[in-house]
Amino acid sequence: MNQRIAEELAFNFRAYGRIGRGDRMRLTPAQAQLVARTAARTPEVMVKVLSGGATSAKAVKRHLEYVGRKGEVDLHTDGGDALKGRDAATQLPEDWNLDLEEAGSQKRIGRGTKAKPLRLVHKIVFSMPAGTNPDKVLTAVQNLCREEFALKHRYVIALHTDDPHPHVHVILKAVSEQGARLNIKKAHLKEWRFKFAAHLRDLGVAANATPRQFRGIEHRHIPLSVSWMLRRQNRHYREKTLGSVNYADTPRVKSK
């Protein structure tokens with residue numbers, strides 16, 4: 001699978017469709033299949049990292065309780081166990097030594113400083129469109145995590161089916177067993193999307209991973225400077241057409 005994923009990651013959609021390229025038909029079998037899946041609008045996988053929390057052992061426990069639905073959803077560990085019951089979330093943090101990680105983080109940044117504490121875990125979500133077999137989504141994520149993090153980063157997995165889109169939560173310990181910290185970048189998410197889709201296809205599930213701009217979805221980020229400029233222009237237009245308003249002269253309306 002590694003060679004196939006490497007060929008897909010190396011494929012440049014933007015350059016492939018450029019007029020005048022004489023090599024645009026020289027594709028590997030994996031790249032040709034990627035183009036065919038994209039043209040056929042094969043269901044796209046989704047991988048995202050959730051923000052917030054995860055900087056204290058208590059916060060990690062609360063998130064484990066959330067993804068475990070307070071005992072209603074099994075928590076699958078990196079050792080192959082399935083933790084069940086309301087106390088399942090309390091079993092992992094002790095095994096992961098999160099209290100020691102939290103104390104070490106506070107010692108490094110120093111008390112009373114404005115530096116943000118480091119994350120103890122990463123919260124990652126793998127999702128597929130509605131109608132996908134949820135058990136196969138879970139198996140694909142388990143295979144991916146085993147391939148990427150086994151004997152390195154501790155993790156726990158939970159499958160949620162209470163939403164039309166079956167999705168899997170992965171709580172991944174940020175610091176590996178060897179002491180290396182994982183800082184997730186866009187390149188990681190891109191690679192995990194391709195591998196997640198490949199594992200799903202190995203299980204007989206139609207899945208694809210392509211950039212959003214090449215599947216008809218545009219997401220334009222507006223810089224903060226442009227946003228403020230538009231606000232000033234709108235304010236100037238309102239004042240020019242309606243006149244400036246002196247809010248100090250306007251009567252106050254007492255709430256009943």
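1. Is Arg 41 buried or exposed? In this predicted model, Arg 41 counts as exposed because its relative accessible area is 68%, which is over the 50% that the term requires. Arg 41 sits in the loop that runs between helix H3 (29-39) and E1, and its phi is positive, at about 55°, although the residue is not a glycine. That deserves a remark, because most residues other than glycine have a negative phi.

2. A second residue invites the same kind of attention, namely Arg 69, whose phi is near 50° and thus positive in a residue other than glycine. Arg 69 belongs to the loop between H4 and E2. With a relative accessible area of 23%, Arg 69 is partly exposed, since that value falls between the 20% under which a residue is buried and the 50% over which a residue is exposed.

3. For the overall plan, the chain contains nine helices and six strands, and 35% of its 256 residues count as buried. If one takes the contacts between residues at least 6 apart in sequence, 70% of them join residues that are at least 24 apart.

4. The six strands make up an open sheet, whose order is E1-E4-E6-E5-E2-E3 and whose pairing is antiparallel. At the edges stand strand E1 (46-50) and strand E3 (82-83), each of which pairs on one side only. As background for a first reading, strands of a sheet pair through backbone hydrogen bonds, and they may do this in a parallel or an antiparallel way.

5. The reader may wish to follow the pairing of E1 along the model, where five bridges join E1 to strand E4 (residues 121-127) and the two run antiparallel. Within this pair, Leu 50 stands opposite Lys 123 of E4, while Val 47 has Phe 126 as its bridge partner in E4.

6. E4 also pairs with E6, again in the antiparallel sense, and here the count is seven bridges. In this pairing, Ser 127 stands opposite His 167 in E6.

7. How many of the residues of E4 are buried? Seven of the seven are buried, and therefore E4 is largely enclosed by the rest of the structure. Both of its faces are covered, for Val 121, Lys 123, Val 125 and Ser 127 are buried on one side, and His 122, Ile 124 and Phe 126 are buried on the other.

8. Which helix lies across E1 and E4? Helix H8 (residues 186-202) does so, and H8 runs at about 140° to E1. One residue of helix H8 is Phe 196, which is buried, its relative accessible area being 0%.

9. The surroundings of Phe 196 can be listed with residues up to four places away in sequence left out, and Phe 196 then touches Val 45, Met 46, Val 47, Phe 126, Ser 127, Met 128, Val 137, Ala 140, Val 141 and Leu 144. One of these pairs shows how the chain brings distant positions together, since Phe 196 and Val 137 are 59 residues apart in sequence while their C-alpha atoms are 8.9 Å apart in space.

10. Glu 8, which is found in helix H1 (residues 2-10), should be looked at with care, because at 2% relative accessibility this residue counts as buried. The side chain of Glu 8 makes a polar contact of 3.2 Å with the side chain of Arg 37. Not counting residues up to four places away in sequence, Glu 8 touches Ala 30, Leu 34, Arg 37, Phe 194 and Arg 201.

11. Finally, there is the matter of empty space, which can be found by rolling a probe the size of a water molecule over the atoms. The structure holds one cavity of 30 Å³ or more, and the largest cavity has about 40 Å³ of space. Among the residues that line the largest cavity are Leu 64, Glu 65, Gly 68, Lys 70, Leu 75 and Ala 88. The elements that give two or more residues to this lining are H4 and helix H5 (88-96).

How values were computed: Residues numbered from 1 in each chain as written. Predicted model: local features only at pLDDT ≥ 70, side-chain atom pairs only at ≥ 80, totals over all residues. Heavy atoms only, no water. Pairing = 2+ DSSP bridges. Helix = DSSP H or I, 4+ residues; strand = E, 2+ residues; numbered from the N terminus. Contact = heavy atoms within 4.5 Å. Axes fitted to C-alpha atoms, helices over the stretch in contact; angles between N-to-C directions. Buried < 20%, exposed > 50% of the residue type's maximum accessible area, 1.4 Å probe, protein only. Polar contact = N/O pair within 3.5 Å; in protein donor to acceptor, adjacent residues only side chain to side chain. 1 Å grid on protein atoms, 1.4 Å probe; cavity = no way out; pocket = protein on both sides within 12 Å on 5 of 7 lines; lining within 4 Å. Points joined across faces, edges and corners; volume = space filled by probe spheres on them.
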